[in-house]
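Got your viewer open? Take this short tour one selection at a time, and keep the mouse handy.

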Amino acid sequence: MLLAIDCGNTNTVFSLWDGEKFLCTLRTSTHHARTADAYFTWYSTLINHYGIDAPITDVVISSTVPRVVWNLRVFADRFFGCRPLVVGKPECLLQHTPRVDTGTAVGPDRLANAAGAFDRHGGDVMVVDFGTATNIDVVASDGAYVGGVIAPGVNLSLEALHQGAAALPHVDISQPDKVIGTNTVECIQSGIFWGYVGLIQGLTQRVRDEYGKPMKIIGTGGLAPLFAQAETLFDTIEDDLTMYGLVVIHAYNKEQGNI
Ligand SMILES: Nc1ncnc2c1ncn2[C@@H]1O[C@H](COP(=O)(O)OP(=O)(O)OP(=O)(O)O)[C@@H](O)[C@H]1O
Ligand SMILES: CC(C)(CO)[C@@H](O)C(=O)NCCC(=O)O
Ligand SMILES: [K+]
């Protein structure tokens with residue numbers, strides 16, 4: 001069984017892949033100081049809860065937070081006796097080399113999104129990922145990641161308003177019925193919700209225009225369904241895309257005899 005770990009700036013997600021499908025998904029907040037033992041305590045409690053007992057033979061990791069990788073390596077080694085494949089490290093092979101400026105370290109979650117999207121849909125696609133950042137990852141016809149867009153994430157923007165303006169409260173994201181808010185909370189919700197709808201529409205249109213060919217748009221990340229409710233922003237929504245990309249990258253490295 002493969003354990004895929006997607007460690008983002010806000011949340012760390014573990015998913016178990018049985019070779020055909022994900023068996024379960026476990027989510028915790030990202031903390032660089034979390035030890036291997038702490039990961040295992042959390043992991044084993046939930047795995048027991050779900051009644052899963054198949055042994056882990058392989059681990060693949062994407063981490064946008066470099067400091068957490070060491071403890072995850074110790075976790076994989078100590079409890080499963082395996083050396084994890086870490087996406088973005090030179091020893092991890094990619095089926096399609098990213099075409100970006102020399103010296104650019106593309107986020108491993110974006111590499112995984114590209115691999116997952118290409119495997120499922122072929123090329124000429126863009127992934128819109130609503131995580132800590134809201135990013136767009138463009139995948140060319142041959143499967144290569146060729147760049148994209150990084151914008152501040154929804155929750156980060158909400159938090160920045162609250163932090164930066166003394167009279168603005170912390171507000172949770174939701175879809176307001178109206179654009180013209182008649183109280184402070186409604187005004188903020190409108191600015192963020194309808195503002196992001198416009199941001200996604202505007203950016204995806206500009207990416208398409210610049211790319212010059214028809215492109216499929218895939219939404220992923222926790223907030224994609226919320227935004228898709230309001231407007232047709234995506235051709236499809238796949239909440240497991242990053243994880244699936246990790247499975248694809250792991251399978252390629254196996255195939256190549258790299259692990
Ligand atoms: N309706 C909602 N209101 C507020 N938060 C939501 C809602 N729906 C989903 N979320 C939040 O979205 C997040 C899931 O998004 P995702 O895992 O893509 O990104 P993230 O964990 O915030 O970022 P990263 O992957 O960069 O760590 C969860 O933290 C969840 O609490
Ligand atoms: C853009 C984020 C923060 C999205 O998780 C991550 O992919 C990252 O840290 N990327 C590094 C820079 C880049 O991808 O160009
Ligand atoms: K993510």
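Before you click on anything, keep in mind that this is a predicted model.

**Stop one: ligand 1**

Start by selecting ligand 1. The space it takes is the largest pocket. Now bring up the residues that surround ligand 1: Gly8, Asn9, Thr10, Asn11, Arg27, Phe130, Gly131, Thr132, Ile173, Gly221, Gly222 and Leu223. Colour that shell by class and you'll get three nonpolar, eight polar and one charged residues.

Next, look for the oxygen atoms of ligand 1 and see what they meet. Try Asn11: a backbone N or O atom of this residue lies 2.7 Å from an oxygen atom of ligand 1. Move on to Arg27, where the polar atom to find belongs to the side chain and lies 2.9 Å from an oxygen atom of ligand 1. Then click Gly222, which has a polar backbone atom 2.9 Å from an oxygen atom of the ligand. How much of ligand 1's accessible area does the protein cover? On its own ligand 1 has 620 Å², and the protein covers 65% of that.

**Stop two: ligand 2**

Now select ligand 2, which sits in the largest pocket. Show its surroundings: Asn9, Thr64, Ala105, Val106, Gly107, Asp109, Arg110, Asn135 and Ile150. Sorted by class, the shell of ligand 2 holds three nonpolar, four polar and two charged residues. Asn9 may ring a bell: it is listed around ligand 2, and it was also on the list around ligand 1.

Zoom in on three residues here. Gly107 offers a polar backbone atom, and an oxygen atom of ligand 2 is 2.8 Å from it. With Asp109, look at the side chain: one of its N or O atoms is 2.5 Å from an oxygen atom of ligand 2. Arg110 also uses its side chain, with a polar atom 3.0 Å from an oxygen atom of ligand 2. Taken alone, ligand 2 exposes 380 Å², of which the protein buries 73%.

**Stop three: Thr28**

For the last stop, leave the ligands and select residues 22-29, which form strand 3; Thr28 is in this strand. Is Thr28 buried or exposed? Its relative accessible area is 13%, so Thr28 counts as buried, the cut-off being under 20%. Show the side chains of Thr28 and Arg34 together, and you can trace a polar contact between them at 3.4 Å.

Notes. Residues numbered from 1 in each chain as written. Chains lettered and ligands numbered in written order. Predicted model: local features only at pLDDT ≥ 70, side-chain atom pairs only at ≥ 80, totals over all residues. Heavy atoms only, no water. Near = heavy atom within 4 Å. Polar contact = N/O pair within 3.5 Å; in protein donor to acceptor, adjacent residues only side chain to side chain. Areas by Shrake-Rupley, 256 points an atom, 1.4 Å probe, with all protein chains shown as cover. 1 Å grid on protein atoms, 1.4 Å probe; cavity = no way out; pocket = protein on both sides within 12 Å on 5 of 7 lines; lining within 4 Å. Sits in = over half its atoms within 2 Å of the grid points. Nonpolar A, V, L, I, M, F, W, Y, C, P; charged D, E, K, R; others polar. Helix = DSSP H or I, 4+ residues; strand = E, 2+ residues; numbered from the N terminus. Buried < 20%, exposed > 50% of the residue type's maximum accessible area, 1.4 Å probe, protein only.
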